[in-house]
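Here is a short report on one protein chain. It goes through the contacts, the strands and the core in turn.

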Amino acid sequence: MAESSLFGISVDVKRPRLEISGRQFRLQLPPESTPASGQRLIKKALREKLESMLPALLEHYSSILKIPVPDFQIRELGNRWGSCSQSGSLRFHWLLATQEPQFVSHVIAHELCHLIEPQHSAEFRRLLRKICPR
């Protein structure tokens with residue numbers, strides 16, 4: 001079957017397919033696909049990538065802070081990378097999966113520190129420096 005490719009997007013395939021290699025991806029869609037179907041496939045893959053990264057990082061930083069590993073959700077968070085609810089649940093933006101590992105670690109550490117200190121106070125900054133030294 002002939003394949004036409006433009007900007008890493010291929011057509012003339014039978015089923016949607018996404019290959020991710022490092023920070024690059026190749027999206028293959030059937031001709032009848034819509035842009036939204038490609039977007040859904042990319043979003044799903046990035047959510048899965050983040051879901052696989054978060055547990056070990058949460059465990060690591062929670063142990064340093066001596067707190068239980070919290071529950072988390074992956075969502076669309078507008079212009080925020082992460083948030084912490086009053087109930088102690090953490091939420092992370094699915095696009096966090098596109099960022100460098102050091103940045104992802106910092107966001108996770110930041111949200112975990114909010115479980116101890118809700119405000120961006122001097123104590124919060126001290127906790128963050130403790131688990132994420134510069």
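## Exposure classes and the model

A residue counts as buried under 20% relative accessible area, as exposed over 50%, and as partly exposed in between. E48 has 40% relative accessibility, so E48 counts as partly exposed. The model discussed here is predicted.

## Salt bridges

How many salt bridges does a search of the whole structure find? The search finds three. Side chains of opposite charge can pair when their charged atoms come close.

E48 pairs with K44, and the closest N and O atoms are 2.7 Å apart. Both residues lie in helix α1, four residues apart, about one turn of the helix. E123 pairs with R126, with the closest N and O atoms 2.8 Å apart. These two sit in helix α3, three residues apart, so about one helical turn separates them. Both partners are partly exposed: E123 has a relative accessible area of 33%, and R126 has 41%.

E76 forms a salt bridge with K43, where the closest N and O atoms are 3.7 Å apart. E76 lies in the loop between β5 and β6, and K43 lies in helix α1, so this pair ties together parts that are 33 residues apart in sequence. K43 is partly exposed, at a relative accessible area of 30%.

## The aromatic pair

One aromatic pair turns up in a search of the whole structure. The ring centres of W81 and F103 are 5.5 Å apart. Why is the pair edge-to-face? Planes over 60 degrees apart count as edge-to-face. The planes of W81 and F103 stand at 80°, so the pair falls in that class.

The pair links distant parts of the chain. W81 is in the loop between β5 (72-75) and β6 (82-84). F103 is in helix α2 (residues 101-116). The two are 22 residues apart. W81 is partly exposed, with a relative accessible area of 30%. F103 is partly exposed too, with 33%.

## A nonpolar surface patch

Which residues make the nonpolar surface patch of about 230 Å²? They are W81, L95 and F103. W81 and F103 are also the two residues whose rings pair edge-to-face.

## Strand pairing

Strand β3 (residues 17-21) pairs with strand β4 (residues 24-28). The sense is antiparallel, and the pairing runs over five bridges. E19 has R26 in β4 as its bridge partner. Two residues lie between the strands of this hairpin. In the hairpin, G22 takes a positive phi near 65°.

β7 pairs with β5 and is also joined to β6. Do β5 and β7 run in the parallel or the antiparallel sense? They pair in the parallel sense, over four bridges. R75 stands opposite H93 in β7. β6 and β7 run antiparallel, joined by three bridges. S83 has R91 in β7 as its bridge partner. The hairpin of β6 and β7 has five residues between the strands. There, G88 takes a positive phi near 95°.

In a regular strand the side chains alternate between the two faces of the sheet.

## The nonpolar core

In soluble globular proteins, nonpolar side chains tend to be buried together. Here, the largest nonpolar core has 25 residues. Which residues have the most contacts inside this core? They are Y61, F92, I108 and L112.

Four elements give two or more residues to this core: α1 (35-65), β7 (90-93), α2 and α3 (122-131). α1 gives the most, with seven residues. β7 thus appears here as well as in the strand pairing.

## The loop between α2 and α3

P118 lies in the loop between α2 and α3. Is P118 buried or exposed? P118 is exposed, with a relative accessible area of 55%. P118 and C84 are 34 residues apart in sequence. In space, the C-alpha to C-alpha distance between P118 and C84 is 8.4 Å.

Conventions:
Residues are numbered from 1 along each chain as its sequence is written. This is a predicted model: local features need pLDDT of at least 70, side-chain atom pairs count only at pLDDT 80 or more; totals for chains, interfaces and linings use all residues. Side-chain values use heavy atoms; hydrogens and water are left out. Rings of Phe, Tyr and Trp (its six-membered ring) pair if their centres lie within 6.5 Å; planes under 30 degrees apart count as stacked, over 60 as edge-to-face and the rest as tilted. Buried means under 20% relative accessible area, exposed over 50%, partly exposed in between (1.4 Å probe, protein chains only). Two strands pair if DSSP finds at least two bridges between them. A nonpolar core is a set of buried Ala, Val, Leu, Ile, Met, Phe, Trp, Tyr and Cys residues joined through side-chain atoms within 4.5 Å. A salt bridge is a side-chain nitrogen of Lys or Arg within 4 Å of a carboxyl oxygen of Asp or Glu. Patches are made of residues with over 30% relative accessible area and no salt bridge: like charges are joined within 9 Å, nonpolar side chains (Val, Leu, Ile, Met, Phe, Trp, Tyr) within 5 Å. Accessible areas come from the Shrake-Rupley method with a 1.4 Å probe; for residues, only the protein chains shown count as cover.
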